[in-house]
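Okay, thanks everyone for coming. I'll put the model up, and then I'd like to walk through a few spots with you.

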Amino acid sequence: ALHYTSTEEAALDMLLLSACSRCAEYSQEVQQFEAKYHMDFVTFQRLIKTRVHEENFTQEEDLMAWKFAQDAADYWRQKTEELKRAAGVGETIR
């Protein structure tokens with residue numbers, strides 16, 4: 001019904017769909033932090049690490065959450081590309 005030629009092709013397509021979804025989810029979270037702080041992760045991290053005798057627990061928690069989201073988005077982007085290569089799809093994800 002879905003026009004797959006094999007169960008392997010169907011499984012690969014389902015994995016690709018899942019990886020794309022996760023990549024989009026974490027990328028959206030990264031974009032929310034970028035919008036909140038009006039800067040990218042590296043700039044925000046540098047700002048937090050250069051503070052002396054000043055603590056902002058909300059920003060430090062956001063830094064950890066942002067780092068996780070950034071790492072997860074990068075991971076799932078890489079996995080998406082690997083799955084696309086395995087499936088023979090030439091399009092790249094940004």
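Let me start with a question: is Lys36 buried, partly exposed or exposed? Partly exposed, as it turns out, because its relative accessibility comes out at 47%. Keep in mind that this is a predicted model.

So what does Lys36 do with its side chain? The side chain of Lys36 meets that of Asp62 in a salt bridge, with 2.7 Å from N to O. Now look at where the two partners sit: Lys36 is in helix α1 and Asp62 is in helix α3, so this pair ties together parts that are 26 residues apart in sequence. The Asp62 end is buried, because its relative accessible area is 12%. So we have a partly exposed lysine, Lys36, paired with a buried aspartate, Asp62.

How many salt bridges does a search of the whole structure find? The count is 4. Let me show you two others, both in α3.

One is Asp71 with Lys67, where the closest N and O atoms are 2.9 Å apart. These two both lie in helix α3, 4 residues apart, which is about one turn of the helix. Both ends are partly exposed: Asp71 has a relative accessibility of 39%, and Lys67 has 37%.

Further along α3 we get Lys79 and Glu82, whose side chains meet at 3.3 Å, N to O. The spacing here is 3 residues, again about one turn of helix α3. Lys79 is partly exposed with a relative accessible area of 25%, and Glu82 counts as partly exposed too, at 29%.

Okay, on to helix α2, residues 41-49. Which residues are buried there? Phe41, Phe44 and Ile48. If you look down the axis of α2, those buried residues fall within an arc of 65°, so they line one face of the helix. Flip to the face turned away from that buried side, and you find the exposed residues Arg46 and Lys49. And what covers the buried residues of α2? The cover includes α1 and α3, the latter running over 57-87.

Next up, cysteines. How many disulfides does a search of the whole structure find? The answer is 0. Take Cys20: the closest cysteine sulfur belongs to Cys23, but at 7.1 Å the two sulfurs are too far apart for a bond. To count as a disulfide, the sulfur atoms would have to be within 2.5 Å. From the other side it's the same pair, since the nearest cysteine sulfur to Cys23 is that of Cys20. What about their surroundings? Cys20 is partly exposed, because its relative accessible area is 26%. Cys23 is buried, because its relative accessible area is 4%.

Last stop is Ser18, which has its place in helix α1, residues 7-37. Ser18 counts as partly exposed, at 32% relative accessibility. Now, how far is the C-alpha atom of Ser18 from that of Thr80? They are separated by 8.9 Å, although the two residues are 62 apart along the chain.

If you take one picture away, make it these two views. There's the Lys36 and Asp62 pair, linking helix α1 with helix α3. And there's α2, with its buried residues lining one face and α1 and α3 among what covers them. That's me done, so over to you for questions.

Conventions: Residues numbered from 1 in each chain as written. Predicted model: local features only at pLDDT ≥ 70, side-chain atom pairs only at ≥ 80, totals over all residues. Heavy atoms only, no water. Buried < 20%, exposed > 50% of the residue type's maximum accessible area, 1.4 Å probe, protein only. Arc of directions from axis to C-beta. Contact = heavy atoms within 4.5 Å.
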